[in-house]
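Got your viewer open? Follow along from one selection to the next, and take a look around at each stop.

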Amino acid sequence: MNVLIIPCYIKRNWDLECLGRLLGSVKQQTLPFEQVYLVDDASPLSYPVEFDFVQQVKLTDNGGPARARNAGIQAALEQGPSSYSSPITTASWTGRGMST
């Protein structure tokens, strides 16, 4: 299984726009991820996840990007072994697709 983990902290509309572009890019990948985990690090701005291929993990307390990545890894491990696990941030979208 190949897994994508996206830790995020959404505090303004710009962050939400970046997340939307990133998820749109993920959806258009020629080799899709089998599972995508969006780990919300207790964001102050609430938002809907409009992509059915995303499993959202919401943390109750902000702990920073490392804690959010680890929560995503833990969620993925609970589903079984993974061949590839790729953490990425909302800042990774370049306008031409995903960069890793």
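Start by selecting V54, which sits in strand β3 (residues 54–58). Strands here are DSSP runs of E with at least two residues, helices are runs of H or I with at least four, and both are numbered from the N terminus. Before you go on, note that this is a predicted model: local features need pLDDT of at least 70, side-chain atom pairs count only at pLDDT 80 or more, and totals for chains, interfaces and linings use all residues. Residues are numbered from 1 along each chain as its sequence is written, and side-chain values use heavy atoms, with hydrogens and water left out.

Is V54 buried or exposed? V54 has a relative accessible area of 13%, so it counts as buried; the cut-offs are under 20% for buried, over 50% for exposed and partly exposed in between, with a 1.4 Å probe and protein chains only. Now show what V54 touches: leaving aside residues up to four places away in sequence, the list is L23, V36, L38 and V49. A contact means heavy atoms within 4.5 Å. Draw a C-alpha to C-alpha distance from V54 to L23 and you get 8.6 Å, although the two are 31 residues apart in sequence.

Next, select L4, I6, L19, V36, L38 and Y47, the residues with the most contacts inside the largest nonpolar core, which has 13 residues. β1 (2–8), α1 (13–27) and β2 (35–40) each supply at least two residues of this core, and α1 gives the most, with 4 residues. A nonpolar core is a set of buried Ala, Val, Leu, Ile, Met, Phe, Trp, Tyr and Cys residues joined through side-chain atoms within 4.5 Å. In soluble globular proteins, nonpolar side chains tend to be buried together.

Stay on L4 and show its neighbours: V26, F33, Q35, V36, Y37, S86 and I88, again not counting residues up to four places away in sequence. Apart from that core lies another one, of 10 residues, including V39, V57, L59 and A68.

A68 takes you to helix α2, where A68, A71, G72, A75 and A76 are buried. Look down the axis of α2: the buried residues fall within an arc of 135°, so they line one face of the helix. That arc is taken from the directions from the helix axis to the C-beta atoms. What covers these buried residues includes β1, β2 and β3. Flip to the face turned away from the buried side of α2, and you'll find the exposed residues L77 and E78. Just beyond, α2 is followed by G80, whose phi is positive, near 125°.

For a polar stop, select D15 and R12, whose side chains meet in a salt bridge at 3.8 Å, N to O. A salt bridge is a side-chain nitrogen of Lys or Arg within 4 Å of a carboxyl oxygen of Asp or Glu. A search of the whole structure finds 1. Colour the pair by accessibility: D15 counts as buried at 12%, while R12 is partly exposed at 43%.

Finally, zoom out. The protein has 2 helices and 4 strands, running β-α-β-β-α-β from the N terminus on. Of its 100 residues, 39% count as buried.
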